[in-house]
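Trainee: I should like to learn how the terms used for a protein model are justified. May we go through them one at a time?

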Amino acid sequence: MDIFIGILEQGMIYAILALGIYITYKILNFPDLTVDGSFPLGAAVTAYLMTNSGDFVSVITLSHNPYIICVYALIAGSIAGLVTGIIHVKFNIRDLISGIITMTGLYSINLRIAGSANVPIFNYDTIFSNSLMGSIFPESLLKYKVIIIATIITLGTKIILDLYLKTKSGFLLRAVGNNQVLVTTLAKDSGNVKILGLVIGNAIVSLSGSILMQQQGFFEITMGTGTMVLGLASVIIGTNVFKKAKFMKATTSVIFGSIIYKAAMSAAMDISFTKASDMKLVTAILFLVILVFSEGKKKKVKADA
Amino acid sequence: MKKIIGLVLILAIGLFTGCGTDTQATDAEVEQFTIGITQFGEHGSLDNCREGFIAGLAEEGFVEGENLTIIYENAQFDNGISNQIAQNFVSKKLDLIGAIATPVAQSSFNAAKAKDIPVVFTAVTDPVAAMLTEGNVTGTSDKLPVEAQLKLIRAMLPEAKNIGILYTTSEVNSLSTIEEYKTLAGNYGFEIVDMGVSATADVPLAVDRILPQIDAMTNLTDNTVVGSLPVILEKANAKAIPIFGSEIEQVKLGCIASEGIEYVELGKQTGRMAAQILRGEKEADDIPYEIIEQSSLYINTSVMEEFGLTLAEEYLDRAMDVAK
C-alpha cells in the first residue's frame, strides 16, 4: 500500500513536468531541451526565496509563503522559455540548439540563484508542510497529504491547460505544431505563437521543479539531469497506452503516463534477481514491454512513436 | 484490453516484490532486523563505505543472512531515483536506513521523517550545511584532514608556493573543502589556485589552464575530478608538477601521497553507530555525527623517486607505501 502511495506521489509531481513537456513536444512539435535547465530553475528560485531572510524577499513572498513562491518559480520558468523562443524564432537558430543554449546558461544561473549546489530546506515551510496544512489535514489523512496536494496541483494545471487549449490562442498553438502554413494564412505570426508555447511549457516545468524540491526537502544542482528524457518517456507512454481511449483527453493520458513511468521504475528497483546497477536496464525493458503491449499486433513501427 | 493487463502486471510486480521482504523477519529465535542501504552511485570510495558499513554491523553482531536482511539500492547518481528509493524504503517500514553520500542521505531523511525511521549516513562532508544534524538522523562525515595534507605538502615541497585545486561546481562538498584550504593555506605559506569545471569533458581544458599557474596540485574527493585522474596525471607529469591525492585509490593511480581518510574504516565506524541504534541503546537523535580524527598517510614511492622527493623523518613510521 505504502509503495503505491510513493508511486502516486512521485508520479503526480512529475506529471506536472510531463504536462509542460507535452505542450512543447506534442503540441508544438518542438524538442525543447530547455527543460533540463528550467526544471532545476524552479527549484533554485524556490530555494533562494525560502532561505533568504532579507527584507526584500520577505516582502515579495508575503513572508515566505510557499504558494506565492511557486508563482515566482512559474514566472522564472516562463522567462527561460521566452529566451529559448527568442533565440529560435528571432535569431533563426534550430530548435534543439536553442534549447541547448538556454539549458547550458541556466546551469550557472541556477547555481547563482541557489547560492550553492545543494540547499536543504528541511526546516522551512513548504506547500506540503506549513501551519495551514497542519490544521486542515486530520491525523488520519496525514499520510496522504503529499499525494492530495500534488494531485490538486496536477489536476488544476491540467484543467487550466485544457481550457486554454480550447481558446483561440490555444487553437493557434495546436495549429503551429501541425501546420505552420495554416497559421500564416490566418494572418498570424507563427513565431510568436511558438514563443508563447515555449513560455507556457517551461513555466509548467519550472513549477514542477519547485514542487518536487519542496517535497524532497532540498535543492540539488544535478536534479535537472535527464529531466527531458524522463518527461518525454511519460508523455510517450501515456499517449501510446491510452491512444485508443478516445474519451480521455491527451493531458489525462500524460498524467497516467507519468504514474506508469514511476511504477515501472519502482518495479525495476524491486526485481530481486538483478543487481542494483541493472535498474536502468530493467526500466528500459519495462518501457519496451509497455510500448509493445500498447501498440497491439496490427501495426509496424510508426516513425514518430 | 491487452494494455490494461500489461499495466496491471507491471503494478503487480511492484506490489508483490515489495511485500516479499516484510514476511522474512518472523519465525526465528533471534530478533531479525531489516535495513536498507541506499548509495548515490557506483564509485570506489562509496563502495568501500558500504563494505565497511556492513562489516561494522557484523562486528557488533548484526550479520547479514543471520539476523540481518539488507536491501541495497543504488541511485545511479540520479536525484529522482534517490527519492524513489527513499520512499520505497520508508514504505517497507525498515528498522534503519543507511545512506551513502549527501543527496541520498537528504532524501532518506526527508522521507523517513514521517515514519520516524532512523537514518545513518556516511560520506557526507558537511552534515551541518546539509541540515542532517537534527532529528532521527546521525552518521559520519568524510571531511578531509586539510591541515594534515597542507603540512605534508609543505614537508615534501619546501619551495612550493601555489597549490592548485580542481573541483566541480555542482559538488557542494568540494566548495566547503576549498574554503577550508583557503583559510588554512596561509599558515603554511601557500596560496590556493582553484578552478571549477562543470563536467568530465571540461577537465582536460581546465588542467591545461591551471598547470602553468601552480607548483603542485592537491585533489579533493570530487567525483568528477577524481574520475578524470589519469588525464590529469599525464598532463601534470609532462610538466613535472607533483599531484597529491586525498585517499588511497588516488595514490595507487599515481598521486605522490595523501593524508586522507580510509573509507572502509569510515564505513565501519558508521556501522557500529547503526548497531547501537538497532540494539535500542541510543536514539539517532542523541548521537552526534562523527568524523575520523586520525588521517591515514599513503605514499607512492615510485612516483616519489621520479620527482626526486623524499619523506621527512617524522612521517616514516606512519606512511604506507602503495607503489606496485
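**Terms set against values**

Mentor: Let us begin with Ser45(B), which counts as buried because its relative accessibility is 7%; buried means under 20% relative accessible area, exposed over 50% and partly exposed in between, with a 1.4 Å probe and protein chains only. The model is predicted, so local features need pLDDT of at least 70 and side-chain atom pairs count only at pLDDT 80 or more, while totals for chains, interfaces and linings use all residues. Residues are numbered from 1 along each chain as its sequence is written, chains are lettered from A and ligands numbered from 1 in the order in which they are written, and side-chain values use heavy atoms, with hydrogens and water left out.

Trainee: Where does Ser45(B) lie, and what is Ser45(B) in contact with, leaving aside its neighbours within four places in sequence?

Mentor: Ser45(B) belongs to helix H2 (residues 44-59) of chain B. Helices (H or I, at least four residues) and strands (E, at least two) are DSSP runs, numbered from the N terminus. Once neighbours within four places in sequence are set aside, Ser45(B) is in contact with Glu247(B) and Tyr263(B); contact means heavy atoms within 4.5 Å.

Trainee: Why is Lys93(B) called exposed or buried?

Mentor: Its relative accessibility is 54%, so Lys93(B) counts as exposed. The residue sits in the loop between helix H3 (79-91) and S3 of chain B. Its phi is near 50 degrees, a positive value in a residue other than glycine.

Trainee: What makes a positive phi worth noting?

Mentor: Most residues other than glycine have a negative phi. Ala101(B) is another case, with a positive phi of about 95 degrees. Ala101(B) lies in the loop between S3 and helix H4 (102-112) of chain B, and at 8% relative accessibility it counts as buried.

Trainee: How do you know that S3(B) and S4(B) pair?

Mentor: Two strands pair if DSSP finds at least two bridges between them. Strand S3 (residues 96-100) and strand S4 of chain B have four bridges, in the parallel sense, so the definition is met. One of the bridges joins Ile100(B) to Thr122(B).

Trainee: Which residues of strand S4 (residues 119-122) of chain B point one way, and which the other way?

Mentor: Val119(B) and Phe121(B) point one way, Val120(B) and Thr122(B) the other, and all are buried. In a regular strand the side chains alternate between the two faces of the sheet.

Trainee: What makes S6(B) and S8(B) partners?

Mentor: Strand S6 (residues 162-168) and strand S8 (residues 216-218) of chain B run parallel and are joined by two bridges, so they satisfy the requirement of at least two. In S8(B), Ala216(B) is the bridge partner of Ile163(B). Both strands belong to an open sheet of four parallel strands in chain B, in the order S7-S6-S8-S9. Strands S7 (191-197) and S9 (243-244) stand at its edges because each has a single partner strand, which leaves one side of each without a neighbour in the sheet.

Trainee: Why is chain A called as compact as a globular protein of its length?

Mentor: Chain A contains 13 helices and two strands. Its radius of gyration is 20 Å, close to the 19 Å that the globule rule gives for 305 residues, so the description applies. That radius is taken over C-alpha atoms, and the rule is 2.2 Å times the number of residues to the power 0.38. Of the 305 residues of chain A, 57% count as buried.
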